[in-house]
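The following exercises ask the reader to work from individual side chains towards helix packing and back again. Each task is followed by a solution in steps.

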Amino acid sequence: MRMRYRRARAGLAVTTAAVLGLAGCDALGGGGDAPSGDRAGRVSPSPSPTPLWDSSPSSMAAVGDSITRGFDACSVLQDCPEVSWATGASAEVNSLAVRLLGTAKAATHSWNYAVTGSRMADLPAQMTRAAARKPQLVTVMAGANDACRASTAAMTPVAEFRADFQDALRALRREVPKAQVYVASVPNLKRLWAQGRTSVLGKQVWKLGICPSMLGDADALDTAATERRDTVQRRVEDYNAVLEEVCAKDERCRFDGGAVYDFRFGTDQLSHWDWFHPSTDGQARLAEIAYRKVVAKVP
């Protein structure tokens with residue numbers, strides 16, 4: 001089921017109007033005397049307001065979970081940050097950091113604070129560590145583990161998810177008020193189940209505890225199993241709605257509009273170790289999506 005995301009631009013429009021209005025007052029000289037004589041007609045215009053979104057940041061940090069750590073992309077049940085879509089150095093991936101900063105600068109001006117297994121409740125602490133670096137851009141990809149629990153009852157409540165995400169943004173804003181934030185949507189877990197269940201090896205690895213709420217009893221198609229997976233999927237959609245809504249209230253935050261959720265990971269884009277996490281090719285696709293969103297003139 002494809003999600004439809006609404007575009008929230010009202011806050012940005014109001015902010016832009018306010019900035020332009022102030023610039024107009026400055027150009028007219030406020031309450032000062034009007035120019036006369038040789039000065040008449042030669043008033044210097046006010047400088048253009050600094051754009052709220054800079055598509056060429058000089059540093060970046062990443063927070064999130066196993067996807068941003070490149071988990072299972074290189075070897076079984078291991079992180080592989082060198083192929084991270086956000087900050088990896090792999091030429092095969094061409095990460096967001098490499099695309100934005102260049103290979104040399106990415107090595108010294110990008111930092112990966114994501115932790116495999118993290119949920120949204122862990123994001124404020126990660127964001128605090130990232131903020132200490134004063135990055136100009138922070139990428140966020142989190143939420144899958146909030147839905148990937150031992151049971152649907154154990155999934156993070158939507159209200160808690162929202163509060164934790166808000167806390168994370170506040171942690172960043174306290175230290176770096178003007179940092180930009182790119183927020184990736186939570187992937188379509190049900191589609192990943194549908195793709196991965198074609199692999200006998202993948203289903204064996206799933207039994208080790210990878211996303212049991214969605215992947216448990218992978219071949220079961222009875223009513224109970226179907227309802228369980230649908231419940232997880234609805235929660236993912238609720239999480240993405242929260243990411244969009246909270247991000248829209250921050251003038252320097254960009255949500256991906258559901259691009260990651262909508263992306264159809266094929267067998268080439270899935271780890272052949274677990275048939276669930278992105279492979280190196282999948283990481284490259286995530287990097288492409290992020291780059292398009294970050295450099296776009298409008299969200």
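**Exercise 1: a glutamine in helix 4**

Gln126 counts as buried at 1% relative accessibility, where buried means under 20% relative accessible area, exposed over 50% and partly exposed in between, for a 1.4 Å probe and protein chains only. The model is a predicted one, in which local features need pLDDT of at least 70 and side-chain atom pairs count only at pLDDT 80 or more, while totals for chains, interfaces and linings use all residues. Residues are numbered from 1 along each chain as its sequence is written, and side-chain values use heavy atoms, with hydrogens and water left out.

Task: Determine where Gln126 lies and which residues Gln126 touches, not counting residues up to four places away in sequence.

Solution: Begin with the secondary structure, in which helices (H or I, at least four residues) and strands (E, at least two) are DSSP runs numbered from the N terminus; Gln126 belongs to helix 4. Next, apply the contact criterion of heavy atoms within 4.5 Å: leaving aside residues up to four places away in sequence, Gln126 touches Val63, Gly64, Tyr113, Ala114, Val115 and Ser118.

**Exercise 2: the chain as a whole**

Task: State how many helices and strands the chain has, and what share of its 299 residues count as buried.

Solution: Twelve helices and five strands make up the count for the chain. Of the 299 residues, 49% count as buried. As a further step, consider the contacts with a separation of 6 or more, of which 73% are accounted for by residues 24 or more positions apart.

**Exercise 3: aromatic pairs**

Task: Classify the pair formed by Trp85 and Tyr182, and then the pair formed by Phe161 and Tyr239.

Solution: Rings of Phe, Tyr and Trp (its six-membered ring) pair if their centres lie within 6.5 Å, and planes under 30 degrees apart count as stacked, over 60 as edge-to-face and the rest as tilted. The structure holds three aromatic pairs. For Trp85 and Tyr182 the ring centres are 6.2 Å apart and the planes stand at 70 degrees, so this pair is edge-to-face. The pair links distant parts of the chain, 97 residues apart, with Trp85 in the loop between strand 1 (60-64) and helix 2 (96-101) and Tyr182 in strand 4 (residues 180-183). Trp85 is buried, with a relative accessible area of 1%, and Tyr182 is buried with a relative accessible area of 1%.

Phe161 and Tyr239, in turn, form a stacked pair, with 4.1 Å from centre to centre and 10 degrees between the planes. Because Phe161 lies in helix 6 (residues 158-175) and Tyr239 in helix 10 (residues 223-248), the pair ties together parts that are 78 residues apart in sequence. Phe161 is buried at a relative accessible area of 0%, and Tyr239 is buried at 0%.

**Exercise 4: helix 10 and its partner**

Task: Compare the expected span of helix 10 with the distance between its end C-alpha atoms, and describe how helix 7 packs against helix 10.

Solution: The expected span of a helix is 1.5 Å times one less than its number of residues. The 26 residues of helix 10 should therefore span 38 Å, and the end C-alpha atoms are 37 Å apart, which agrees. At the start of helix 10, a side-chain oxygen of Asp222 reaches to within 3.0 Å of the backbone nitrogen of Ala224.

Helix 7 (residues 189-196) packs on helix 10 at an angle of about 135 degrees, with the axes 8 Å apart; axes are lines fitted to C-alpha atoms, for helices over the stretch in contact, and angles run from 0 to 180 degrees between N-to-C directions. Angles under 35 degrees count as roughly parallel, over 145 as roughly antiparallel, 65 to 115 as roughly perpendicular and the rest as oblique, and helix 7 and helix 10 are therefore oblique to each other. At this packing, Leu189, Lys190 and Trp193 in helix 7 meet Arg229, Asp230, Val232, Gln233 and Val236 in helix 10.

**Exercise 5: two positive phi values**

Task: Decide whether Lys134 is buried, exposed or partly exposed, and do likewise for Cys211, buried or exposed.

Solution: Most residues other than glycine have a negative phi. Lys134, in the loop between helix 4 (123-131) and strand 3 (137-141), has a positive phi near 55 degrees and counts as partly exposed at 45% relative accessibility. Cys211, in the loop between helix 8 (200-206) and helix 9 (212-215), has a positive phi near 45 degrees and counts as buried at 5% relative accessibility.

Note on methods
A polar contact is a pair of N or O atoms within 3.5 Å; within protein, one must be able to donate a hydrogen and the other to accept it, and residues adjacent in sequence count only if both atoms are side-chain atoms.
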